Amino acid sequence: MEEQIVQFIRGLLEFNVQLSYIVFFISSFLQVTFPPYPGDSVTVLAGYATAISNSFGIVSIIITSVCGTILGSYVVHAVGFRKGESVLNYKWVRKFLPERKERKAKLLFKKYGAGAVFISKFVPGINTIIILFAGIFKMKKHIVYLSFVSAAIIHNTILTLLGRFLGYNMEYIESLIKTYNIIVLAAAGAAAIGIYIYFRFFRKRRKRMK
């Protein structure tokens, strides 16, 4: 499926610029709402388009893909929030989000709490179900929204830039993505530890000194 989609969009790039932007937006939306869809590949291709044609601006491409991802994340979260755990019994949910991924997602939630929404964007295959669980568990909306918006901005910007500067070389780019995922997760872990230490020790110490 991925190869057919990419070939279709390649042809579209030369045919209609405005329609290409719409397709890029829809692709980013489907990446979250329809997990088998190869959204990352299309985002890389969109970045590549900015290098081979002046018709595509790097900033407008990033904004388009980020907005599509954010809307998709919002829809998935809203479904989980409104339907609760009953949504896990839907056939389309079970088809694309099997129990193996569900267990992995629950472990991530148990370990990182709301931070799992941000982290999941950099762990292949579980972003959608984590956002869905954030809705099911009725986590604070402003934290969930901030998490998936910031993750979408970082993730889609990096993919677009990789496509622009490295071309559509998915095998090489996928190896780089694994590396940058590790770096982002490590940075997020370090930030979480830093925040915990601040609130656990330094803030209490300041209160005692007053």
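How close do the axes of helix α2 (residues 17–33) and α4 come, and at what angle do they cross? I looked this up in a predicted model: the two axes come within 7 Å and cross at roughly 35 degrees. I recorded the crossing of α2 and α4 as right-handed. On the α2 side, I listed the contact residues as Tyr-21, Phe-24, Phe-25, Ser-28, Phe-29, Gln-31, Val-32 and Thr-33. On the α4 side, I noted residues including Ser-60, Ile-61, Thr-64, Cys-67, Gly-68, Leu-71, Gly-72 and Val-75. By class, I found 10 nonpolar, 10 polar and no charged residues in this contact.

Confidence was checked next. I read a mean pLDDT of 79 for the protein chain, with 74% of its residues at 70 or more. Among the elements, helix α4 (residues 58–83) has the highest mean, 94, and helix α10 (residues 170–209) the lowest, 62. I keep in mind that predicted coordinates should not be read in detail where pLDDT is low.

I then examined α4 itself. Its 26 residues reach 38 Å from first C-alpha to last, close to the 38 Å expected at 1.5 Å a residue. Just after α4, I found Gly-84 with a positive phi of about 70 degrees.

Finally, I turned to helix α8 (residues 127–136), which packs with α4 at an angle of about 45 degrees, the axes lying 6 Å apart. I therefore entered α4 as oblique to α8. The crossing is right-handed. Ser-73, Val-76 and Phe-81 of α4 are among the contact residues, as are Ile-131, Leu-132 and Ile-136 of α8. I counted seven nonpolar, five polar and no charged residues in the contact of α4 with α8.

Terms used
Residues are numbered from 1 along each chain as its sequence is written. This is a predicted model: local features need pLDDT of at least 70, side-chain atom pairs count only at pLDDT 80 or more; totals for chains, interfaces and linings use all residues. Side-chain values use heavy atoms; hydrogens and water are left out. pLDDT is the predictor's confidence in each residue, from 0 to 100. Helices (H or I, at least four residues) and strands (E, at least two) are DSSP runs, numbered from the N terminus. The expected span of a helix is 1.5 Å times one less than its number of residues. Axes are lines fitted to C-alpha atoms, for helices over the stretch in contact, and angles run from 0 to 180 degrees between N-to-C directions. Angles under 35 degrees count as roughly parallel, over 145 as roughly antiparallel, 65 to 115 as roughly perpendicular and the rest as oblique. A crossing is left-handed if the near helix is turned anticlockwise from the far one by less than a right angle, and right-handed if clockwise. Contact means heavy atoms within 4.5 Å. Ala, Val, Leu, Ile, Met, Phe, Trp, Tyr, Cys and Pro count as nonpolar, Asp, Glu, Lys and Arg as charged, and the others, Gly among them, as polar.
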